[in-house]
Amino acid sequence: MRLVTWNIHGGLGADGRRDLARIAALLEDMKCDVAALQEVGDPHRGARDAEVADHASWLGRRLGWFVAYGPNLIVRGCPYGNAVLSRFPISRAQNYDLSVASREPRGCLRADLSLPEGRSLHLFDLHLGLSGGERRRQATMLFSADLLRDTALAAPLVVCGDFNMWSPFPGPIRRLLRANLRDAAVVAGSRRATWPSTLPLLRLDRAYVDAAVEVQGCGVVNDPRTRIASDHLPLWVELVPGPPAASAGLAVQKPGA
């Protein structure tokens, strides 16, 4: 299956146009089976805007896919947050609050996918904060018994999204992730920057997998259309979820350990 993770910037492109139809068309062209999206919605929508309030539902209807939506804030009736769009049925969805006081609300959306041959996949779609201290606190929440250390997680696991890790040097969050999961781009030998889309310098968007997921390829869709559609480039991963046995008992180290 092909997974795409993409911060779509509310559908607002570098050309100043807010164009959800463009986002939907690009997702179709990428031939992905699942899309984990961040910044879905427009909390600053003016009263004269003709765009629908629920961007996730609109994209789902346009593509004909299943949808899970995890708004992290609602302004004037307009939700804004992370969304998972899937060709496969979503058997369960839950949104986890990763917000830190005095910072922009953040979250992690869990979507359990029902795959062919009776298999399943736990997909976690997140958007971490801008400051290092904020991300360290969010990493502690992420690797808690309520989230990635939940003993009820029995299927293969993928964690993806906009990690906002600006520094090229390994810090406590990156060490924590790599101690417990595998960076799909590193496994595939294809580390590519995703931000800013017009001149990518930083690898803000990532996908991490557990031992039960085989990574067959990973890359960034960098062409004239994706460079203008958002301020981030989409990251794709070709993966094969295996039997769930290898996922059980994720050995988790704490930040700073």
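## Rings, a cavity and some unusual backbone angles

The charged end of Arg2 is placed over the ring of Trp236, at 4.4 Å from the centre of that ring. Like everything that follows, this arrangement comes from a predicted model, and each value given here was computed from its atoms.

### Aromatic pairs

Rings can also meet other rings, and a search through the whole structure finds two aromatic pairs. In the pair formed by Phe163 and Tyr208, the ring centres are 5.3 Å apart and the planes stand at 70°, so this pair is edge-to-face, a term used for planes over 60 degrees apart. Phe163 belongs to the loop between strand 8 (157–162) and helix 4 (172–180), while Tyr208 belongs to strand 10 (residues 205–209), so the pair ties together parts of the chain that are 45 residues apart in sequence. Are these two residues buried or exposed? Phe163 has 0% relative accessibility and therefore counts as buried, and Tyr208, also at 0% relative accessibility, counts as buried as well.

The other pair is made by Trp166 and Trp195, whose ring centres are 5.0 Å apart and whose planes stand at 80°, so this pair too is edge-to-face. It links distant parts of the chain, since Trp166 sits in the loop between strand 8 and helix 4, whereas Trp195 sits in the loop between helix 5 (184–188) and strand 10, 29 residues apart. Trp166 has a relative accessible area of 32% and is partly exposed, and Trp195, at 23% relative accessibility, also counts as partly exposed.

The two pairs can be set side by side in a small table.

| Pair | Distance between ring centres | Angle between planes |
|---|---|---|
| Phe163 and Tyr208 | 5.3 Å | 70° |
| Trp166 and Trp195 | 5.0 Å | 80° |

Trp195 has a further feature in its backbone, for the peptide bond that runs from Trp195 to Pro196 is cis, with omega near -10°. Pro196 itself is placed in the loop between helix 5 and strand 10.

### A buried cysteine in strand 8

Strand 8 contains Cys160, a residue that counts as buried because its relative accessibility is 0%. Which residues does Cys160 touch, once its neighbours within four places in sequence are left aside? Cys160 is in contact with Leu3, Thr5, Ala36, Leu123, Phe124, Asp125, Leu126, Arg206 and Ala207. One of these partners, Ala207, is 47 residues away from Cys160 in sequence, and yet the C-alpha atoms of the two residues are 4.1 Å apart in space.

### The cavity and its lining

Rolling a probe the size of a water molecule over the atoms shows where empty space is left. In this model, the count comes to one cavity of 30 Å³ or more, and the largest cavity has a volume of about 60 Å³. Its lining is made up of Glu39, Asn72, Leu73, Tyr80, Gly81, Asn82, Glu104, Pro105, Arg106 and His127. The elements that give two or more residues to this lining are strand 3 (66–75) and strand 4 (78–86), and strand 4 gives the most, with three residues. By kind, the lining residues of the largest cavity divide into three nonpolar, four polar and three charged.

Two of the lining residues, Glu39 and Pro105, can be followed a little further. Pro105 lies in the loop between strand 5 (90–97) and strand 6 (107–114), and with a relative accessible area of 30% Pro105 is partly exposed. Beyond its neighbours within four places in sequence, Pro105 is in contact with Asn72, Leu73 and Ser99. The C-alpha atoms of Pro105 and Asn72 are separated by 5.8 Å, although these residues are 33 residues apart along the chain.

Glu39, in turn, is part of strand 2 (residues 34–40) and is buried, because its relative accessible area of 15% is under the 20% cut-off.

### Positive phi angles

The backbone of Glu39 also deserves a look, since its phi is near 55°, a positive value in a residue other than glycine. His9 likewise has a phi near 55°, again a positive value in a residue other than glycine. His9 is found in the loop between strand 1 (2–7) and helix 1 (20–29), and His9 is partly exposed, with a relative accessible area of 28%, whereas Glu39 is buried.

Terms used. Residues numbered from 1 in each chain as written. Predicted model: local features only at pLDDT ≥ 70, side-chain atom pairs only at ≥ 80, totals over all residues. Heavy atoms only, no water. 1 Å grid on protein atoms, 1.4 Å probe; cavity = no way out; pocket = protein on both sides within 12 Å on 5 of 7 lines; lining within 4 Å. Points joined across faces, edges and corners; volume = space filled by probe spheres on them. Helix = DSSP H or I, 4+ residues; strand = E, 2+ residues; numbered from the N terminus. Nonpolar A, V, L, I, M, F, W, Y, C, P; charged D, E, K, R; others polar. Phe/Tyr/Trp six-rings, centres within 6.5 Å; stacked < 30°, edge-to-face > 60°. Buried < 20%, exposed > 50% of the residue type's maximum accessible area, 1.4 Å probe, protein only. Lys NZ or Arg CZ within 6 Å of the ring centre and 35° of its normal. Contact = heavy atoms within 4.5 Å.
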